[in-house]
Amino acid sequence: MPVLQLQYRDRVIRRIPVMPGDSITIGRNPENDVVINNTAVSGKHAKVDALEGGFFITDLGSTNGTFVNSAMVSTCQLHHGDSVVIGRHRLLFGYAKGESRPEKGAPSLEKTIVIDAERPKSSGFQPQINAYLSILKGGSGDIPLTGKVTKIGKDPACDIHISGFGVGKVALSISKMPRGYQASYVGGFKKPRINGEPLKESAKLREFDTIDVGAMRLQFIYRESLSV
């Protein structure tokens with residue numbers, strides 16, 4: 001099975017096996033699966049998910065960012081030998097000898113999302129929209145999911161800004177995966193709900209799922225047949 005090898009200054013601190021279906025949180029808070037007690041690391045910094053088609057790392061709205069092979073990422077697929085830097089620590093991702101590995105050219109999130117503050121947000125390119133959030137309560141209209149990651153929360157920098165008691169700065173992230181979309185709880189006292197049930201960590205979204213965040217209720221609309 002794949003392993004995350006936690007290092008600090010080239011010293012191996014811990015080896016974390018990644019099992020199918022796992023969701024491994026990384027951060028400074030002691031409730032994380034991988035605790036990194038360093039002030040450069042956010043309370044809930046990042047997470048690794050074992051999903052259909054491979055293993056993916058997602059930044060959870062951290063202050064200092066998550067880097068894969070020196071590039072800052074929001075979400076990307078991990079491949080054998082990838083180096084993940086969080087604060088001053090490094091996580092090396094690798095498969096066991098002889099273990100089957102997803103091909104890098106397979107349809108996935110193999111292209112790292114590089115954050116470039118100098119790049120204009122509008123380039124004239126119109127991505128194909130195959131999923132959106134329909135607002136059922138707390139507003140009106142539809143919100144297309146055009147990016148790899150959509151962040152929902154109190155922070156004005158979020159893609160969907162929601163106020164309310166107990167709502168986190170980033171309460172929920174919705175990530176585009178090779179086959180569908182995944183909702184992940186990020187932070188906040190009041191957890192988002194999927195179809196009325198509190199979201200503990202992550203869940204794959206399905207057509208017509210309802211999502212409650214604060215005072216807003218959204219419905220996920222997705223047609224797999226429209227996927228690229």
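## Salt bridges, strands and a five-strand sheet

A search of the whole structure turns up 2 salt bridges. The model searched here is a predicted one. Those two contacts make a handy way in.

Take the pair Asp49 and Lys47. Their side chains meet in a salt bridge, with 2.8 Å from N to O. Are these two residues buried or exposed? Asp49 has a relative accessibility of 1%, so Asp49 counts as buried. Lys47 is buried too, because its relative accessible area is 0%. The cut-off explains both calls: buried means under 20% relative accessible area.

The other salt bridge joins the side chains of Asp212 and Arg217. Here the distance from N to O is 2.7 Å. Asp212 has a relative accessible area of 14%, so Asp212 is buried. Arg217 has a relative accessibility of 33%, so Arg217 counts as partly exposed.

Now step back to the whole chain. The protein chain has 228 residues, and 44% of them count as buried. Its secondary structure comes to 0 helices and 22 strands. The accessible surface of the protein chain is about 12300 Å². Carbon and sulfur atoms hold 50% of that surface. Contacts tell us about the fold as well. Consider the contacts in the protein chain with a separation of 6 or more. Residues 24 or more positions apart account for 40% of them.

How are strands put together? One open sheet has 5 strands, in the order 4-3-5-6-9, with mixed pairing. Its edge strands are strand 4 (34-35) and strand 9, and each of these pairs on one side only.

Walk across part of this sheet. Strand 3 and strand 5 pair in the antiparallel sense, over 4 bridges. Within that pairing, Ser23 has Asp49 of strand 5 as its bridge partner. Asp49 is a residue we have met already, in the salt bridge with Lys47.

Go on to the next neighbour. Strand 5 covers residues 46-51, and strand 5 pairs with strand 6 in the antiparallel sense over 6 bridges. Asp49 appears here again, standing opposite Phe56 in strand 6. Asp49 therefore has Ser23 as a bridge partner, stands opposite Phe56 and counts as buried at 1% relative accessibility.

Strand 6 spans residues 54-59. How many of its residues are buried? The count is 6 of 6, and strand 6 is mostly covered. Strand 6 also joins strand 9 (residues 75-78) through 4 bridges, and these two strands run antiparallel. In this pairing Thr58 stands opposite Thr75 of strand 9.

Return to strand 3, which covers residues 23-27 and includes Ile26. Ile26 has a relative accessibility of 0%, so Ile26 counts as buried. What does Ile26 touch, leaving out residues up to four places away in sequence? Its contacts include Asn32, Val34 and Ile36. Lys44, His45, Ala46 and Val48 are also among them. So are Ile86 and Leu91. Look at Ile86 in particular. Ile26 and Ile86 are 60 residues apart in sequence. In space, they are 8.9 Å apart from C-alpha to C-alpha.

Next, the cysteines. The structure holds 0 disulfides. Cys76 has a relative accessibility of 1%, so Cys76 counts as buried. Cys158 has a relative accessible area of 9%, so Cys158 is buried as well.

Last, turn to the backbone of a loop. Most residues other than glycine have a negative phi. Which residues in the loop between strand 7 and strand 8 have a positive phi without being glycine? Asn69 is one of them, with a positive phi of about 50 degrees. Asn69 lies in the loop between strand 7 (66-68) and strand 8 (71-73). Ser70 is found in that loop too, and its phi is positive at about 75 degrees.

How open to the outside are these loop residues? Asn69 counts as partly exposed, because its relative accessibility is 44%. Ser70 counts as exposed, because its relative accessibility is 71%. Again a cut-off settles the matter: exposed means over 50%, and partly exposed lies between that and the buried limit.

How values were computed:
Residues are numbered from 1 along each chain as its sequence is written. This is a predicted model: local features need pLDDT of at least 70, side-chain atom pairs count only at pLDDT 80 or more; totals for chains, interfaces and linings use all residues. Side-chain values use heavy atoms; hydrogens and water are left out. Buried means under 20% relative accessible area, exposed over 50%, partly exposed in between (1.4 Å probe, protein chains only). Contact means heavy atoms within 4.5 Å. Accessible areas come from the Shrake-Rupley method with a 1.4 Å probe; for residues, only the protein chains shown count as cover. Two strands pair if DSSP finds at least two bridges between them. A disulfide is a pair of cysteine sulfur atoms within 2.5 Å. A salt bridge is a side-chain nitrogen of Lys or Arg within 4 Å of a carboxyl oxygen of Asp or Glu.
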